[in-house]
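Please take a moment with the sequence and the model before reading on. The paragraphs below are meant to be followed with both in view.

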Amino acid sequence: MLRRSVMTLPGGRSLLPASLVVLAAAIFFVDTVTNLEIAVAVFYVAIVLVAVRYLDQRRVVVVASACMALTLLSFILTRAGSFPAGMVNCAISLAAIGVTAYLALRTAAAEAAARQAQAQLAHITRVTVLGELTASIAHELNQPLAAIVINGNAALRWLGAKPANPDEAAQAAERIVRDANRATDLIKRLRALTKRGPGKAVWLDVNQIIADTLTLVRSEVARNHVSLAIDLADELPPVQVDPVQIQQVILNLVVNAIEAVSAQPAPSRAVEISTSVVPAGQVIVTVSDSGGGLGGAEQDRLFDAFYTTKPDGMGMGLAISRSIVESHGGRIWAGAAGGRGAAFSFSLPAGKAAIHEPGIARKAPVRK
Ligand SMILES: Nc1ncnc2c1ncn2[C@@H]1O[C@H](COP(=O)(O)OP(=O)(O)OP(=O)(O)O)[C@@H](O)[C@H]1O
Ligand SMILES: [Mg+2]
């Protein structure tokens, strides 16, 4: 999941510690100059709450302890006002700071545990989807490997010929390198998808993520006699995402679409993936299909965990997709596709500059 970021100066120096120190100094000053009846020290609670938001547990304890020490010091230094009232106020402030720190840390720990459980679940469902695509992935891998064997044999023949033809042999060797790179890329992609642990958010072009994801499902699409069209917008602005997670969302939507059209006769099985930008600064990805549509499902439960209408479905694909998209600051929704069938879309907040990505076809039918 994406991390919370600490305020930083353009030079990269964190503003947070300085802001907390200034705030603490201001509270300390006011607490010391006002009389003992005024419990200004309770405002240290705000510092503790900010610290919990951005700092780790050990640092929060240090901040809370420092706030308590300042509260006591103010109490000792303050001369004006009633001493018993000051004692009560000091005790209330200390309790407020301590209890706030304790509760906020417990909440943060529970949130972290929930995030970790969710990440583990996302990992399990990702591996499950890849398991369903094993045949397709093996086929994708077999193609370059078979080509490597063919070109290897060709190179040997050109070199063994009398006279030897080094130019042809070199061309065959180049094709071997290209195919080996293709196989390596696929394996890298698979390793990234099966890896555990938090990913990294980077600025990327959604069109490229779609192209990468399609290499995993292309054979599955062909095996199911599905006609897949991609309609990618030119010059999409980049999005800051964890590519593995967004690939997981696209995979889930495409696998659902393939499953939805599988009940149709082969010639009318169509799936389309499209991208667009809306003026509000969002990149939209839509996966639509010519399947039976959403009539057979309870639409307000589609994104609920464990909601499924399939005999061997888990009902986790859309739930995980929603949590991934929302953790990236986007939204996911379902509707009817143009003619019939369903259309699932998700949005991601876009950055400023457009990424020019040559080599991704616009409105290109991939397989019939
Ligand atoms: N393209 C689609 N067309 C029609 N219904 C769909 C489509 N995609 C999803 N649904 C409905 O939404 C339900 C939930 O989908 P979701 O992907 O969460 O789970 P699933 O596909 O049933 O199981 P799995 O966890 O294995 O993906 C599906 O069971 C189906 O009823
Ligand atoms: Mg599914």
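What follows is a walk through this structure, from its overall division to its details.

The model is a predicted one, and the account begins with how the protein chain is divided. There are three domains, with domain 1 running over 16-116, domain 2 over 133-196 and domain 3 over 201-367. Taken over C-alpha atoms, the centres of domain 1 and domain 3 are 48 Å apart. A pair of single residues gives another distance to look for in the model: Cys90 and Val221 are 131 residues apart along the chain, and 69 Å separate their C-alpha atoms. Cys90 itself belongs to helix 4, which spans residues 83-132, and this cysteine is buried because its relative accessible area of 8% falls under the 20% that sets the limit for that class.

Helix 3, residues 57-77, is the next place to visit, and Ile76 is found in it. With a relative accessible area of 54%, Ile76 is exposed, and it joins Leu72, Leu73 and Leu77 in making a nonpolar surface patch of about 350 Å².

From nonpolar side chains the route turns to charged ones. Side chains of opposite charge can pair when their charged atoms come close. How many salt bridges does a search of the whole structure find? The search finds nine, and several of them can be looked at one by one. Asp56 and Arg59 meet through their side chains in a salt bridge with an N to O distance of 3.0 Å; Asp56 is partly exposed at a relative accessible area of 36%, and Arg59 likewise counts as partly exposed, at 44%.

Another salt bridge joins Glu220 and Arg223, whose side chains also meet at 3.0 Å, N to O. These two residues lie in helix 7, residues 206-223, and because they are three residues apart there, about one helical turn separates them. Is each partner buried or exposed? Glu220 is buried, with a relative accessible area of 11%, whereas Arg223 is exposed, with 52%.

Helix 7 also holds Ser219, which counts as buried at 6% relative accessibility. The side chain of Ser219 makes a polar contact of 2.9 Å with the side chain of Glu140.

A further salt bridge is the one between Asp179 and Arg178, in which the closest N and O atoms are 3.5 Å apart. Asp179 counts as buried, since its relative accessibility is 1%. This pair does not stand by itself, for Arg178, Asp179 and Arg182 are linked in a network of salt bridges.

The backbone has some points of its own to look at, and each of those described here is in a loop. The peptide bond that joins Lys162 and Pro163 is cis, with omega at about 0°, and Pro163 is placed in the loop between helix 5 (134-160) and helix 6 (166-194). Glu235, a residue other than glycine, has a positive phi near 50°, and its position is in the loop between strand 2 (227-231) and strand 3 (239-241). Phe306 is not a glycine either, yet its phi is positive, at about 70°. The loop that contains Phe306 runs between strand 5 (282-289) and helix 9 (317-327), and at 59% relative accessibility this phenylalanine counts as exposed.

The last stop is ligand 1. Which residues come nearest to ligand 1, of the 20 around it? They are Thr308, Thr309, Lys310, Met316 and Leu318. Two of these can be followed down to single atoms, beginning with Thr309, where an N or O atom in the side chain is 2.4 Å from an oxygen atom of ligand 1. In Leu318 the atom concerned is a polar one of the backbone, and it is 2.8 Å from an oxygen atom of ligand 1. Asn256 also takes part, with a polar side-chain atom lying 2.8 Å from an oxygen atom of ligand 1. Ligand 1 on its own has 590 Å² of accessible area, and the protein covers 91% of it.

Terms used: Residues are numbered from 1 along each chain as its sequence is written. Chains are lettered from A and ligands numbered from 1 in the order in which they are written. This is a predicted model: local features need pLDDT of at least 70, side-chain atom pairs count only at pLDDT 80 or more; totals for chains, interfaces and linings use all residues. Side-chain values use heavy atoms; hydrogens and water are left out. Patches are made of residues with over 30% relative accessible area and no salt bridge: like charges are joined within 9 Å, nonpolar side chains (Val, Leu, Ile, Met, Phe, Trp, Tyr) within 5 Å. Accessible areas come from the Shrake-Rupley method with a 1.4 Å probe; for residues, only the protein chains shown count as cover. A salt bridge is a side-chain nitrogen of Lys or Arg within 4 Å of a carboxyl oxygen of Asp or Glu. Helices (H or I, at least four residues) and strands (E, at least two) are DSSP runs, numbered from the N terminus. Buried means under 20% relative accessible area, exposed over 50%, partly exposed in between (1.4 Å probe, protein chains only). A residue is near a molecule or strand if one of its heavy atoms lies within 4 Å of it. A polar contact is a pair of N or O atoms within 3.5 Å; within protein, one must be able to donate a hydrogen and the other to accept it, and residues adjacent in sequence count only if both atoms are side-chain atoms. Domain bounds come from an automatic or database domain assignment.
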